[in-house]
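Subject: Handing over the structure

Hello,

The structure is below, for you to keep. Please open it first, then read my notes alongside it.

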Amino acid sequence: MASNSETSTHWQGKIVVITGAASGIGQALATALIHKGATVWLADRNQGALNDLLGNLGPSAHSLCFNVSEFDAFEKAVQQVIRQHGRIDYLFNNAGIGFGCDASALTHEHYDRMIDVNIRGVSNGVSIAYPLMIKQGYGTIVNTASVGGLVPSAIMTPYAMTKYAVVGLSESLRLEAATKGVQIITLCPGAVNTPIFDATGPADLPRFKASNLREFTRESMMSCSPAQFAEWALRDIEKNKSLIIYPRIMRVAVWLYRHFPALYLKITQPNLSQELKKLNTEP
Ligand SMILES: NC(=O)c1ccc[n+]([C@@H]2O[C@H](COP(=O)([O-])OP(=O)(O)OC[C@H]3O[C@@H](n4cnc5c(N)ncnc54)[C@H](O)[C@@H]3O)[C@@H](O)[C@H]2O)c1
């Protein structure tokens with residue numbers, strides 16, 4: 001028997017913009033939404049990857065190439081969508097970067113780079129779409145944070161900083177937005193098998209050694225595929241759930257940290273100094 005999410009018509013005809021859609025979670029969300037009948041504008045800074053994807057997604061897929069950190073370019077792209085369709089139903093602020101390392105190796109440029117994409121990219125999207133959606137009287141903004149925005153993550157300090165910020169922005173705005181007919185949703189992936197921690201990621205990122213993180217997102221029993229994550233997340237987005245955490249097992253980590261922080265840290269960071277040493281001696 002078909003499940004509710006398979007028979008739902010919720011997404012049919014919806015106008016959706018997804019940033020960071022050329023890879024990983026964004027690509028999986030775009031693919032699933034097109035399958036469910038939405039018109040999807042895939043936004044990414046990687047034009048080549050967008051071109052490769054578009055050929056396979058059919059006429060409901062369109063591309064927008066811009067850097068989410070650049071407000072003017074972001075605004076222009078959203079205006080293009082509004083010109084074409086007269087509205088925007090969903091904006092997924094999903095583009096993000098990640099790297100892991102001993103924090104003593106970080107410079108202010110590393111922090112800036114992370115802030116530019118993971119925080120400014122989201123606040124740009126919100127400040128462009130929120131007033132438009134208020135004017136429409138409806139609309140949903142889905143901001144991708146992370147489980148790393150709900151529990152501390154040593155070796156990923158700048159990443160955690162940005163994701164805590166996205167949780168704060170989204171959960172606070174949700175309250176206000178509800179009074180104006182707009183929905184704000186916080187998406188918190190746990191470990192999803194994507195190239196985000198790949199050493200061959202964006203060329204303008206500092207190179208860091210964090211093979212343990214890559215292994216965790218790829219091979220851990222606690223990780224899932226982007227397609228599976230997208231399917232779970234879209235089911236909850238449709239219901240306007242406020243904080244969406246998948247894989248489900250990650251909810252245990254969040255619960256444990258909230259209620260028993262010392263125990264959580266003992267379990268998750270048993271040998272941090274050893275781990276840092278290992279990280280710093282990795283080839
Ligand atoms: N994969 C995970 O385990 C995981 C866990 C928690 C949170 N997340 C979050 O999910 C989101 C998607 O991550 P992913 O794992 O799919 O990563 P990914 O690297 O597979 O995809 C990210 C996409 O964003 C694009 N991008 C990066 N910087 C950009 C910019 N400045 N402007 C426009 N596009 C840009 C990249 O080109 C890429 O196509 C990110 O916000 C990430 O922090 C991922």
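Which residue has a side-chain N or O atom 2.7 Å from an oxygen atom of the ligand? The residue is Tyr 159.

Before the rest, some ground rules. This is a predicted model, in which local features need pLDDT of at least 70, side-chain atom pairs count only at pLDDT 80 or more, and totals for chains, interfaces and linings use all residues. Residues are numbered from 1 along each chain as its sequence is written, and side-chain values use heavy atoms, with hydrogens and water left out.

The ligand

Start with Tyr 159 again. Its 2.7 Å pair with the ligand is a polar contact, meaning a pair of N or O atoms within 3.5 Å; within protein, one must be able to donate a hydrogen and the other to accept it, and residues adjacent in sequence count only if both atoms are side-chain atoms. The backbone also takes part. A polar backbone atom of Asn 94 is 2.9 Å from an oxygen atom of the ligand. For Gly 190, a backbone N or O atom lies 3.4 Å from a ligand oxygen. The ligand alone exposes 830 Å², and the protein buries 94% of that. These areas come from the Shrake-Rupley method with a 1.4 Å probe; for residues, only the protein chains shown count as cover.

Three elements each give two or more residues to the shell around the ligand: α2 (24-35), α6 (157-178) and β7 (191-192). The labels are DSSP runs, numbered from the N terminus: helices are H or I with at least four residues, strands are E with at least two. The ligand has 28 residues around it. A residue counts as near if one of its heavy atoms lies within 4 Å. Ser 23, Ile 25, Asp 44, Tyr 159 and Thr 194 come nearest. The shell divides into 14 nonpolar, 11 polar and 3 charged residues. Here Ala, Val, Leu, Ile, Met, Phe, Trp, Tyr, Cys and Pro count as nonpolar, Asp, Glu, Lys and Arg as charged, and the others, Gly among them, as polar.

The strands

Now look at β1, residues 15-19. Are its residues buried or exposed? In β1, 5 of 5 are buried. Buried means under 20% relative accessible area, exposed over 50%, and partly exposed in between (1.4 Å probe, protein chains only). In a regular strand, side chains alternate between the two faces of the sheet. Both faces of β1 are covered. Ile 15, Val 17 and Thr 19 sit on one side, with Val 16 and Ile 18 on the other.

β1 has two parallel partners to trace. With β2 (residues 39-44), β1 pairs over 5 bridges. Two strands pair if DSSP finds at least two bridges between them. Ile 18 stands opposite Leu 42 in β2, and Val 16 is the bridge partner of Val 40. With β4 (residues 90-93), β1 shares 3 bridges. There, Val 16 stands opposite Tyr 90.

β2 is largely enclosed by the rest of the structure, because 6 of its 6 residues are buried. Thr 39, Trp 41 and Ala 43 cover one face; Val 40, Leu 42 and Asp 44 cover the other. β2 also pairs with β3 (residues 61-65), parallel, over 5 bridges. Val 40 stands opposite Ala 61 in β3. The chain crosses from β2 through helix α3 (residues 47-57) to β3, and this crossover is right-handed. That means the path from the first strand over the helix to the second runs clockwise, with the strands pointing away from the viewer. β1, α2 and β2 also make a right-handed β-α-β unit.

Backbone oddities

Three spots deserve a look. The peptide bond from Tyr 246 to Pro 247 is cis, with omega near -10 degrees. Pro 247 is in the loop between β9 (243-246) and α9 (250-259).

Ile 155 is not a glycine, yet its phi is positive, about 75 degrees. Ile 155 lies in the loop between β5 (140-144) and α6. It counts as buried, at 7% relative accessibility.

Asn 240 is not a glycine either, and has a positive phi of about 55 degrees. Its loop runs between α8 (226-238) and β9. At 23% relative accessibility, Asn 240 counts as partly exposed.

Best wishes
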